[in-house]
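Student: Could you take me through the salt bridges here, one pair at a time? I'd like a close look at where the partners sit and how covered they are.

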Amino acid sequence: QVQLVESGGGLVQAGGSLRLSCAASGRIFTYYMGWFRQAPGKEREFVATIKSGGSTSYADSVKGRFTISRDNAKSTVYLQMNSLKPEDTAVYYCAAGFRGRFGVPVSPHDYDYWGQGTQVTVSS
């Protein structure tokens, strides 16, 4: 089974930046990858996804501020988060999917493997 491990979360002031990393146990060049987040008392929500070919999609709430990227040779996916806001505070999860999909995979049900999550806290 594919293992995903997130790192890079922590405390940051509003307007600051963080880069999250997601390391996979094996090759991920055939997988599409995604980032989701879940704030206390809220449902898990889509943040960003990147296809095996490198195309990306973002939630409206993070467009222009977050960037998802992948390094298939390192089996690692990144989420660069800039201009952070307090409302970005959440546990961030990395996910991988191997099934063929129509359109953009924005539902948690579109993904097959999940990391344990990493906490991101943005103070004002």
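Tutor: Let's start with arginine 99 and aspartate 112: in this predicted model they form a salt bridge, with 2.9 Å between the closest N and O atoms. Both residues lie in the loop between S9 and strand S10 (113–114), so the pair ties together parts that are 13 residues apart in sequence. How covered are the two partners, then? Arginine 99 has a relative accessible area of 33%, so it counts as partly exposed. Aspartate 112 is partly exposed too, at 24% relative accessibility, and since the cut-off for buried is under 20%, that value of 24% doesn't qualify as buried.

As for the general idea, side chains of opposite charge can pair when their charged atoms come close. Searching the whole structure turns up six salt bridges, so there are others to visit.

Take arginine 37 next. Its partner is aspartate 88, and the closest N and O atoms of that salt bridge are 2.9 Å apart. Here the link is between distant parts of the chain: arginine 37 belongs to strand S4 (residues 32–38), while aspartate 88 is in the loop between S8 and strand S9 (90–97), 51 residues apart. Both arginine 37 and aspartate 88 are buried.

Aspartate 88 also forms a salt bridge with arginine 65, and there the closest N and O atoms are 2.8 Å apart. Again distant parts of the chain are linked, as arginine 65 sits in the loop between strand S6 (56–58) and strand S7 (66–71), 23 residues apart from aspartate 88. Arginine 65 is buried, just like aspartate 88. Put the pieces together and you get a network of salt bridges linking Arg37, Glu45, Arg65 and Asp88.

One more thing while you have the model open. The loop holding aspartate 88 comes between S8 and S9, and S8 (residues 76–81) is worth following back into its strand pairing: six bridges join it to S3, and the two run antiparallel. On the other hand, S3 is also joined to strand S1 (residues 4–7), by four bridges, and that pair is antiparallel as well. Serine 21 in S3 is a handy spot to look at: serine 7 stands opposite it, and in S8 its bridge partner is tyrosine 78. Strand S3 itself (residues 18–24) is mostly covered, with five of its seven residues buried.

Methods: Residues numbered from 1 in each chain as written. Predicted model: local features only at pLDDT ≥ 70, side-chain atom pairs only at ≥ 80, totals over all residues. Heavy atoms only, no water. Buried < 20%, exposed > 50% of the residue type's maximum accessible area, 1.4 Å probe, protein only. Pairing = 2+ DSSP bridges. Salt bridge = Lys/Arg side-chain N within 4 Å of Asp/Glu carboxyl O.
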